[in-house]
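Here is my note on the model you sent round. The points are numbered so that you can reply to them one by one.

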Amino acid sequence: MSSSSSSRSSSASSSSIYHPDYDDDANDLLELNHLAAIAAVNEAVKLIVGDEATSSRQTRRTPKSRNRIVAHEKLVNDYFSDNPVYDDNDFERRFRMKRRLFLKIVEDLEREYEFFRWTHDARGVKGFSPLQKCTSAIRQLAYGTAADATDEYLQMSETTSRECFTNFCEGIIHLYMRRYLRKPTANDVQLLFALHEQQHGLPGMLGSIHCMHWDWKNCPVAWRGQYHRGDHQGPTTVLEAVASYDGWIWHAYYGTPGAVNDIVVVNQSPIFNDLFEGKAPDSSFSVNGRQYKHGYYLADGIYPKWTTFVKAYRYPTEPERIAFTERQESARKDIERAFAMLKSKWHIVKYPARAWTKKKLRYTMYTCIILHNMIHEDEGFANYPFDESWVTTDDIEVDISEEERAQNVNEVKNIKVQNNVRRGVAARPSLKPWKPRRGYGVFQGVYKRKTREAAKSSKRGSKSMATPMTIPTIDLSPFFTLGDEYGRKKVMESIAEASAEYGFFQIVNHGVPIDLMKQAMELSKTYFNYSDEMKRDCNVKLDAPLPVPTGYSRAPDDNEYLVMLAPQSPANILPNNPPHFKETLEHMFKYFVKTAQILESIINECLGLPPDFLKEYNNDRSWDFMAMIKYPPATDTENIGNNGHEDNNVITIVLQEDIGGLEVYKNGDWIPVIPAEGTLVVNVSDVIQVLSNKKYQSVTHRVVRPKGRTRHSCVFFYMLQGEKWVEPLPKFTQEIGEKAKISHSPHSSPAFMVRKHSEIARGKARMLKFYFKLRFQIVLGVAARPRLKP
């Protein structure tokens with residue numbers, strides 16, 4: 001029983017693993033076979049693993065021997081050395097920008113991103129330089145080539161090139177989008193109004209809006225239906241953009257599927273979100289005496305009839321409507337020109353896109369637009385001042401109710417107002433039938449001005465600094481930032497060009513606090529509104545032995561002045577009321593002196609003079625003075641607050657209100673100096689003109705009083721000590737074989753003496769043996785402007 005039971009149990013146990021009919025011998029054999037099988041499997045596994053390892057070693061790519069250092073040295077020798085193989089024209093053609101701008105971008109990326117720094121890899125081998133990485137990205141954008149197209153030149157693999165491209169696009173967007181793809185600020189709106197009214201005769205115009213399609217070669221098959229439209233050969237994506245006359249792109253909304261039309265795009269676009277939320281800057285304007293709340297964009301017939309769109313008449317019959325339609329259709333070419341420039345400069349958006357994701361397409365498009373605006377500003381085709389500290393609409397959070405938003409939306413989509421705007425613009429008496437003119441042409445993606453002035457500038461090797469008939473604005477922030485050599489060089493080039501072409505320019509980020517400027521203007525208004533009895537305590541004392549009489553005075557033309565010397569001067573007669581007015585004026589004076597000294601040092605270097613030459617030549621600050629001026633409103637018979645004149649000092653700095661009034665005489669026209677928040681107007685005066693032998697201009701200017709409003713301004717005169725002898729420097733006459741260009745009478749020499757203002761004002765100036773000409777205007781109005789003869 002026991003044996004049988006044991007045999008049954010063993011057979012039962014073996015049957016649970018193998019087979020129930022096997023006997024003991026068979027089980028032993030089966031067990032041996034099982035062990036042999038296991039051994040065979042183990043050997044097979046070893047063989048297979050070994051074969052795979054051998055196979056992987058055999059199929060792994062052989063690393064290429066790339067010499068990064070040699071490639072970097074060749075790149076530097078070709079483009080970035082002191083004596084490069086390829087000149088500036090070659091560099092601008094291949095990099096699409098000037099060398100100085102490219103180097104600034106490289107420095108900014110290297111400073112902000114670890115990827116663009118020159119580091120060592122895990123083996124201790126030096127990696128690619130920032131110049132190589134940025135060059136690879138720029139070449140892909142400029143030529144639309146494959147990632148490995150520059151492998152032979154830069155010694156960079158396809159994977160690394162793609163990585164450089166992606167990081168470059170992200171860096172450009174992160175660093176520069178706030179400034180170069182911003183929404184128009186309040187200052188920008190006024191500049192755009194003035195630009196388009198002057199060039200197109202259309203008041204209230206902010207720009208032109210249109211859409212552009214970009215072919216998408218590698219669009220996923222599942223998406224082709226929504227990205228393909230019948231009038232295109234394949235899938236496309238849509239870019240909606242707004243551009244002004246000078247080619248600056250103010251708005252870009254990209255990524256909408258190509259199957260939709262412009263109406264769908266504008267309804268999805270955030271272009272009017274600020275208007276709907278009530279935080280857009282003031283863009284009101286008037287036409288034919290009628291006020292309108294919002295500026296407008298020129299659009300074609302497909303766009304809806306909103307107040308922010310002005311379209312041409314479909315079938316015009318009346319002469320004024322025909323003239324308006326011609327003007328509107330020609331002005332709307334601004335956006336088409338901008339698209340043409342974008343494609344001709346950045347071929348990656350000209351050819352079908354090879355990227356697989358919408359995110360990469362979006363980064364590529366926005367990078368091209370930002371670089372387009374940066375190049376436009378760098379080359380002087382557009383100039384819109386911007387301070388990083390300014391608050392934009394993106395920084396403002398508005399808590400608005402649904403009812404208020406709906407009301408704002410209804411205002412924008414009001415068809416009646418849109419018709420009134422178009423009818424009012426078309427009925428303007430100055431809107432005559434338009435004739436096409438050669439304002440701009442497109443060549444290699446760069447505007448080429450074809451005016452007579454631009455032709456003269458091109459012969460000198462320079463381009464016009466600003467939009468035609470506008471005073472350039474220059475950012476001085478590099479002189480308040482350590483190590484920004486590129487920025488300083490660019491500022492000096494801009495000031496040199498502005499001083500030679502205009503004699504005037506505006507500056508931003510100048511070191512004078514904006515809040516202090518506003519406070520000074522507000523307190524000045526308060527003071528001039530006091531009664532004459534209160535202001536009489538500061539009356540001018542004409543018999544005081546001063547360079548210029550200080551205190552308060554009223555001129556025969558009712559202009560009012562409050563003049564002060566340096567704060568430490570005991571001769572100042574400053575009011576005690578309103579409170580803090582005296583302290584504010586003293587602070588303004590100190591800041592103006594610092595700003596003038598910076599400008600003086602820049603002009604010194606621009607003229608190529610020895611270091612600190614002007615500083616040592618003009619080292620007496622006791623002659624500087626500042627005047628707060630009030631101009632009464634214009635009358636029906638007189639609107640001139642200050643007749644055309646030139647300043648006889650070194651540098652003049654003007655702070656004017658938002659209503660403007662300052663005008664500069666250029667080429668037979670009076671150019672208005674359009675004020676902007678935080679800007680100061682700089683005038684290169686007679687002393688600089690004479691020293692440079694008219695290389696820098698002292699230009700005639702005037703003040704026009706506004707109608708119905710009082711104009712206030714603050715003027716600082718950076719003076720030359722009264723007994724200084726001024727004549728053209730030998731550097732600009734004898735050393736270059738030129739005669740003195742200063743006109744003079746037969747009995748005088750080509751130089752002039754700047755005399756003491758107080759003596760001139762009292763009519764006691766002594767006659768000099770050598771005297772050329774004195775242009776002097778007494779800002780106090782206490783005496784007529786004298787003209788002393790030899």
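1. A salt bridge here is a side-chain nitrogen of Lys or Arg within 4 Å of a carboxyl oxygen of Asp or Glu. The side chains of Glu 560 and Lys 535 meet that criterion, with 2.8 Å from N to O. Lys 535 belongs to helix 21 (residues 532-535) and Glu 560 to strand 13 (residues 560-564), so this salt bridge ties together parts that are 25 residues apart in sequence. Buried means under 20% relative accessible area. Glu 560 is buried, at 3%, and Lys 535 is buried too, at 1%.

2. Please keep in mind that this is a predicted model. The chain has 790 residues, of which 51% count as buried. It holds 25 helices and 23 strands. Taking contacts between residues at least 6 apart in sequence, 73% join residues at least 24 apart. The accessible surface comes to about 38400 Å², and carbon and sulfur atoms account for 51% of that surface.

3. How many salt bridges does a search of the whole structure find? The count is 35. One of them joins the side chains of Lys 74 and Asp 78, at 3.6 Å from N to O. Both residues lie in helix 3 (residues 68-80), four residues apart, or about one turn of the helix. Lys 74 is partly exposed, with a relative accessible area of 43%, whereas Asp 78 is buried at 5%.

4. Another salt bridge is formed by the side chains of Arg 99 and Asp 88, with an N to O distance of 2.6 Å. Asp 88 is in helix 4 (residues 88-95) and Arg 99 in helix 5 (residues 99-112), so the pair ties together parts that are 11 residues apart in sequence. Arg 99 counts as buried, its relative accessibility being 19%.

5. There is also a network of salt bridges. It links Arg 100, Arg 179, Glu 377, Asp 378, Asp 475, Lys 490 and Glu 493.

6. On the aromatic side, the structure holds 40 aromatic pairs. One to look at is Phe 589 with Phe 716, an edge-to-face pair with 5.3 Å centre to centre and 85 degrees between the planes. Phe 589 is in helix 22 (residues 581-606) and Phe 716 in strand 21 (residues 711-718), so the pair ties together parts that are 127 residues apart in sequence. Are these two rings on buried or exposed residues? Phe 589 is buried, with a relative accessible area of 2%, and Phe 716 is buried at 0%.

7. Tyr 79, Phe 80, Tyr 86, Phe 91, Phe 95 and Phe 102 make up one aromatic cluster. Tyr 86 has a further partner: the charged end of Arg 94 sits over its ring, 4.4 Å from the ring centre. Elsewhere, the charged end of Lys 133 sits over the ring of Phe 115, 4.5 Å from its centre.

8. Asp 300 deserves a look in the viewer. Its place is in the loop between strand 6 (296-298) and strand 7 (309-310), and at 17% relative accessibility Asp 300 counts as buried. Leaving out residues up to four places away in sequence, Asp 300 touches His 210, Asp 262, Lys 311 and Arg 332. The C-alpha atoms of Asp 300 and Glu 329 are 8.3 Å apart, with their positions 29 residues apart along the chain.

9. Helix 20 (residues 514-528) has 15 residues and spans 21 Å from its first C-alpha to its last, close to the 21 Å expected. Its buried residues are Leu 516, Met 517, Ala 520, Met 521, Leu 523, Ser 524, Tyr 527 and Phe 528.

10. The last point concerns the backbone. Most residues other than glycine have a negative phi, and most peptide bonds are trans. Asn 509, although not a glycine, has a positive phi of about 50 degrees. Asn 509 lies in the loop between strand 11 (504-508) and helix 20, and is buried at 18%. Asp 612 has a positive phi of about 60 degrees and is not a glycine either. Asp 612 is in the loop between helix 22 and helix 23 (613-617), and is partly exposed at 43%. A cis peptide bond, with omega about 0 degrees, joins Asn 577 and Pro 578. Pro 578 is in the loop between strand 13 and helix 22.

Conventions. Residues numbered from 1 in each chain as written. Predicted model: local features only at pLDDT ≥ 70, side-chain atom pairs only at ≥ 80, totals over all residues. Heavy atoms only, no water. Helix = DSSP H or I, 4+ residues; strand = E, 2+ residues; numbered from the N terminus. Expected span 1.5 Å × (residues − 1). Buried < 20%, exposed > 50% of the residue type's maximum accessible area, 1.4 Å probe, protein only. Phe/Tyr/Trp six-rings, centres within 6.5 Å; stacked < 30°, edge-to-face > 60°. Lys NZ or Arg CZ within 6 Å of the ring centre and 35° of its normal. Contact = heavy atoms within 4.5 Å. Areas by Shrake-Rupley, 256 points an atom, 1.4 Å probe, with all protein chains shown as cover.
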